[in-house]
Amino acid sequence: MPIPVIDFSKLNGEERATTMAQIANGCEEWGFFQLVNHGIPVDLLEKVKKLSSECYKIEREEGFFKNSTPVKRLKELVDMKNGDKLENIDWEDVFLISDDYEWPQKTPGFRESMMEYRYELKKLAEKLMEVMDENLGIPKGYIKKALNGGNNEKAFFGTKVSHYPACPHPEMVTGLRAHTDAGGIILLFQDDEVDGLEILKDGKWIDVQPIANSIVINTGDQIEVVSNGRYKSVWHRVNAKSNGTRRSIASFYNPSYNATIAPALELVEKENQTVNQLGYPKFVFGDYMSIYNEQKYLPKEPRFKAVRAV
């Protein structure tokens, strides 16, 4: 059962209504969907793909296999020969980039191309938010304003560049442990050759099928709250693989730490105050993140109950 694949270019044509319905279904029934013909130039995506792989090879791979904790702990476990699996650790090489972070220095062209890519991706995220506004029946710009904590541009837009190296014992370690994402909208440029990403759907783990130059979209915990539970954040994980290094570039349009997050008033009124039954409080995103950082791999519902209401 493949996750939905949506042609985003049809949003502005005769098939707009159908495309809007497909996106609504992706948000409501899946929490994950893939966009093709999304407007990001293919040559830019190919450049990002190439430079990310070069960056890993030049600046990251040797250190991962020589010095990283996952490699050391896996070797120790293999030597013990007790059949156990590594817990509380991911088989992942990862670094974050944003306007305020230090960027890799040794890969020519990496910063320039990634800045262009992030600019295009942020525009795509904001288009998607407007589609979500319309589908939810809330004012245009509502979600963007909520994540920015008002009208000013204060939302955090970060990018997580991950590689999951070929693993000699993939049955003994997880690429990335199962979790939901804390923030707003997540846009993933995943590997189109090495699979491994799965989502939990109706109690079963389903592959997110690799499609060249697609962008995988998923909704985070804050979109679940703003939508009053219409759009659910979904559990997902990455399996370790032995057949190659998996590339994963995930960008997050997350609220400002000072943003106050709550279900949209229009949805609460429309659904006759069901917010109290669903249990979404009004809270400051920074307070939620303090809890999330300690409970990322645990069930999400207690996080909503534990965060201090305002």
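## A walk through the sheets, helices and pockets

Start by selecting strand 7 (residues 197-201) and strand 10: the two pair in the antiparallel sense, over three bridges. Keep in mind as you go that this is a predicted model. To see one of the pairings up close, click on Ile199 and look across to strand 10, where its bridge partner is His236.

Now widen the selection to the rest of that sheet. Four strands make it up, in the order 5-10-7-8, and the sheet is open with antiparallel pairing. Strand 5 and strand 8 (204-207) are the edges, each pairing on one side only. Look along the sheet and you can judge the twist: neighbouring strands are turned by 30° against each other on average, direction ignored.

**Next stop: the seven-stranded sheet**

Select strands 1, 2, 9, 6, 11, 4 and 3, in that order, and you have walked across an open sheet of seven strands with mixed pairing. You set out from one edge, strand 1 (5-7), and finish at the other, strand 3 (93-97); each of these pairs on one side only. Here the average turn between neighbouring strands is 25°, again ignoring direction.

What packs on this sheet? Show helix 2 (residues 42-67). Helix 2 touches strand 3, strand 4 (156-164), strand 6, strand 9 and strand 11 (246-254). Its direction makes about 125° with that of strand 3.

Zoom in on strand 6 (residues 185-190) and strand 9 (residues 215-219). This pair is antiparallel too, with four bridges. Pick Ile186, and you'll find Asn218 of strand 9 standing opposite.

**Two helices that cross**

Hide the sheets for a moment and bring up helix 1 (residues 16-30) with helix 4 (residues 110-136). Their axes come within 10 Å and cross at roughly 90°, so helix 1 and helix 4 count as roughly perpendicular to each other.

Which residues meet where helix 1 and helix 4 touch? Turn on side chains for Arg16, Met20, Ile23, Ala24 and Cys27 on the helix 1 side, then Val131, Met132, Glu134 and Asn135 on the helix 4 side. Colour this contact by class and you get six nonpolar residues, one polar and two charged.

**Into the largest pocket**

Switch on a surface and go to the largest pocket, which holds about 740 Å³ of space. To centre your view, select Leu96, Lys160, Asp181, Phe252 and Lys296; of the 38 residues in the lining, these lie nearest the pocket's centre.

Where does the lining come from? Strand 3, strand 4, strand 5 (174-179), strand 6, strand 10 (236-239), strand 11 and helix 9 (285-295) each supply at least two residues. Strand 4 gives the most, with six residues. Colouring the lining of this largest pocket by class shows 21 nonpolar, eleven polar and six charged residues.

**The second largest pocket**

Move on to the second largest pocket, with a volume of about 270 Å³. To outline it, select Ser98, Asp99, Asp100, Met115, Arg118, Tyr119, Lys122, Glu153, Ala155, Phe156 and Phe157. Helix 4 and strand 4 are the elements that give two or more residues to this lining. Helix 4, which you met crossing helix 1, gives the most, with four residues. Sorted by class, the lining of the second largest pocket has five nonpolar, one polar and five charged residues.

**Last stop: two asparagines in loops**

Finish with a look at the backbone. Find Asn37 in the loop between strand 2 (32-36) and helix 2. Asn37 isn't a glycine, yet its phi is positive, at about 50°.

Then jump to the loop between helix 6 (221-226) and strand 10, where Asn228 lies. Its phi is near 60°, another positive value in a residue other than glycine. From there, follow the chain into strand 10 and you are back at the strand that pairs with strand 7.

Conventions:
Residues numbered from 1 in each chain as written. Predicted model: local features only at pLDDT ≥ 70, side-chain atom pairs only at ≥ 80, totals over all residues. Heavy atoms only, no water. Pairing = 2+ DSSP bridges. Axes fitted to C-alpha atoms, helices over the stretch in contact; angles between N-to-C directions. Contact = heavy atoms within 4.5 Å. Parallel < 35°, antiparallel > 145°, perpendicular 65-115°, else oblique. Nonpolar A, V, L, I, M, F, W, Y, C, P; charged D, E, K, R; others polar. 1 Å grid on protein atoms, 1.4 Å probe; cavity = no way out; pocket = protein on both sides within 12 Å on 5 of 7 lines; lining within 4 Å. Points joined across faces, edges and corners; volume = space filled by probe spheres on them.
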